[in-house]
Amino acid sequence: MSKNRWNFPDLGYGIGLRTVHYPTILEESPAIDWFEIISENYMDTKGRPIYILDKIAEKYPIVMHGVSMSIGSTDPLDIPYLKKLKELANRVKALWVSDHLCWSGVAGTNIHDLLPMPYNEESLKYTISRVKQVSEILERPLILENPSAYIEFTSSDITEWDFLVALTKESDCGLLLDVNNVYVSSFNHGFDPNEYIDAIPSDRVVQYHLAGHTNKGTHIIDTHSDYVIDQVWQLYERSCQHTGGRATLVEWDDEIPAFEVVHAEVLKAKAYRKQPEVAMVGV
Amino acid sequence: MDKENLQVGLERFQRWMSAAIMYKGTDNQALKSTEVEKELPWAEALKFIKPSKTLTQIERIGLYRSMYILRLVDVLKIDFPSIAAYLGDDDYYDFVERYLQVYPSRSYNLNNLSYDVPDFIKTAPKIKNRAFLYELASLELMLSHIFNVEETPLLTKEDVAAITAEVWETAKIIPIKAFHLFAFKHNTNAYLEAVQNEVKPPKVKKQDTWLAVYRRNYKLWRLPLSYDAYNMLSDIVAGKTLGDAIVNAIEKSSESQEVLQGQVFNWFQSWVKEGFFQKIETP
Ligand SMILES: [Fe+2]
C-alpha cells in the first residue's frame, strides 16, 4: 500500500462533527473511527462548543477542516486567524489541518464562500508562496481540498488537476481529495473526472471527502444534503486503486439525518476500497 | 474576438467578482453597475466568464450571487430568530440585503456579522416599530454573546455562609461573565419566548419590563425581574456594595422599607441558586 508523503495515519472512516449529533456522541460514545471539525466553529468561543469538543477530543482522533483561510485571496494573510488555528490544533491534538483551494473575499470583505481561482501561472505562483507562508506559521504541512465550482474563467490556461499537481509539489502541501467535488465540477464544466482522479499524485493524498449533492439538471450544487451517488463511489474506488486508501469522511451539512445514517454512509466506503490493482513493482 | 482569452490580474479579478456577488439588484444590474464595471466592464466580463453547455455567463455568476445572500440570510437567522419572525420572510430578506450593504462581513468569524444589527436598526431608514426591534435585536445579540463567553467559577452556599454578618454591608458581589441585565420599554422577552416556543407571539405593546440573561451549565437562561430586584442587581453589577445597593433600591421602590428588606434575602438566595455570581469581595 502506498503511503502519503508525511506518513499521516489512515484513520479509517469518519464523519464531520455536527451539533445535531452531540447528544448521540456524548451519551452513547459510538464506535466511529474519527471526527473532522469545522475549525472556525470552535475558534472564538469559550462556551459550549469548545467544552464539548474537548470532551470528544479525549475519546476520538480529530482532524481540523477550515473554511476561512482564503489561501488564494490577494488580501494579506490573516495572521491572528492562523495563530488561533494553530492553538486549536494543539489543543485538540489535530492529526492534520486542512482548508480549501479557494479565496473567500478581498479588500477586507468576506463573502463566506469557497470561491474558485482562475488556474494560470500567476495564480499558481501566488498560491505556492501563500501555502509556504501558512505552513511555516502553522508549523505543519497544509492540506488543501479541491473545491467544487460553478464558474470558469477564460484566463485559466491549465486544468485544475495540473494546477494541484504543481501546487502540491512546489509548495509541499497535501491534498484532501473531495471526490464529490471532482464529480460536481466535472458535471458543471464538462471535463472527464477519471482524467482528474488519475492525474492526482497518490503520495500527496492525505484524506478523502465524500458527500451528496443536488442535481438541478443544468448544473450541480454541492449541498452536502444527500447520500453519495454511485458515480462518486466509482471515482472513489478508482482513486483508492491509486492510493491504496486513505482516511475517508462523509460530509453531511443540510437536512442532516441521524448519526447512525451518516456513519453507515461512510462505512459503505469499505466495499470500494480495495488493494491497488497494479503492483508498483520496481518503481 | 469572442474566442480571445481575456487575461485579468488576480487582484482585479477578485475585486470584480467580489463586487459582483455583493451587489444588491438583479444579476444584469450587478454586472452593469458602476461599482462592478469599475473593476471589469460588462463587455469584458462576458468574455472573461466561460459559459457552460447549459448556463450563460450571467447565470453562472448568478449562482454565486444567490448563494451569498441566502447563506447570510440563514446565518443571521441563527442569531436573530425573533427579528426574522417579526419581519416575516420577505421583509426579513430585504432587511438582511440592506444590512449587508452597510455592514458587509469583514471577519472570517460569522458571529461578528451580527454585531451591528442593533445599530443598523437604530439608524437605517424605513424600520417598522424601531424601538421594539432595537430591544429585541439587543436581547438576541446578547444571548449569542453570552453563549460564547468564558465560564467563571460559581459562588457556592459555603462561600455565602463564610461571610460574617458585619461585613455584608460592605461586601461587593461579582457576577459571572455570562450575565447581563436589561430594562425594556416593551414586552420584548415575552415576544422572544413565544418565538422560541414556536407559538404565536403576543401583540407588541409598550410595557416596562426587566430581565436577567445568563448561562448556567453552558445553557442560556432568562429570568424576568421586578423593578426593585432589577435596581438592586444593576447596582451590584455596577460594583456598588451590597449596603449601597439595598439603600438605593429602597429609595427607588414604591414598597415600604420593611417589605423590601424582607424580599432582599429571598432574592439573594434565588440569585445564588441560579448561578448569577462568581465571588464575594470583602474589604
Ligand atoms: Fe469537502
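**Entry 1: between the chains**

I began with one pair of residues in this predicted model, and I found that the side chains of B:R71 and A:D113 meet in a salt bridge, with 3.4 Å from N to O. I then looked up how many salt bridges the rule finds across the interface of chain B and chain A, and the count is three. For polar contacts between chain B and chain A I noted 25 residue pairs, both residues being at pLDDT 80 or more. On the side of chain B that touches chain A, I listed the elements that each supply at least two residues, among them α1 (10-22), α5 (57-79) and α9 (130-148). The largest share of that side, 10 residues, comes from α1(B).

I also looked up the extent of the interface, where 44 residues of chain B are in contact with 46 residues of chain A. The area buried between the two chains is about 4,100 Å², and carbon and sulfur atoms give 60% of this area. In chain B, the residues that lose the most area to chain A are B:L10, B:Y64 and B:Y108, together 21% of what that side buries.

**Entry 2: the iron ion**

Next I looked up which residues coordinate the iron ion, and I wrote down A:E145 (OE), A:D178 (OD), A:H209 (ND1) and A:E251 (OE), at 2.0 to 2.4 Å. The four donor atoms subtend angles of 83 to 170° around the iron ion, so the arrangement is irregular. I noted that A:D178 lies in strand β7 (residues 174-178) and A:H209 in strand β8 (residues 205-211) of chain A, so this pair ties together parts that are 31 residues apart in sequence. A:D178 is buried, with a relative accessible area of 0%, and A:H209 also counts as buried, at 0% relative accessibility.

How values were computed: Residues numbered from 1 in each chain as written. Chains lettered and ligands numbered in written order. Predicted model: local features only at pLDDT ≥ 70, side-chain atom pairs only at ≥ 80, totals over all residues. Heavy atoms only, no water. Donors = N, O, S within 2.8 Å, 3.2 Å for Na, K, Ca; no water. Tetrahedral: all angles 85-135°; square planar, octahedral: opposite > 155°, others 65-115°. Helix = DSSP H or I, 4+ residues; strand = E, 2+ residues; numbered from the N terminus. Buried < 20%, exposed > 50% of the residue type's maximum accessible area, 1.4 Å probe, protein only. Contact = heavy atoms within 4.5 Å. Buried area = accessible area lost by both parts, 1.4 Å probe. Salt bridge = Lys/Arg side-chain N within 4 Å of Asp/Glu carboxyl O. Polar contact = N/O pair within 3.5 Å; in protein donor to acceptor, adjacent residues only side chain to side chain.
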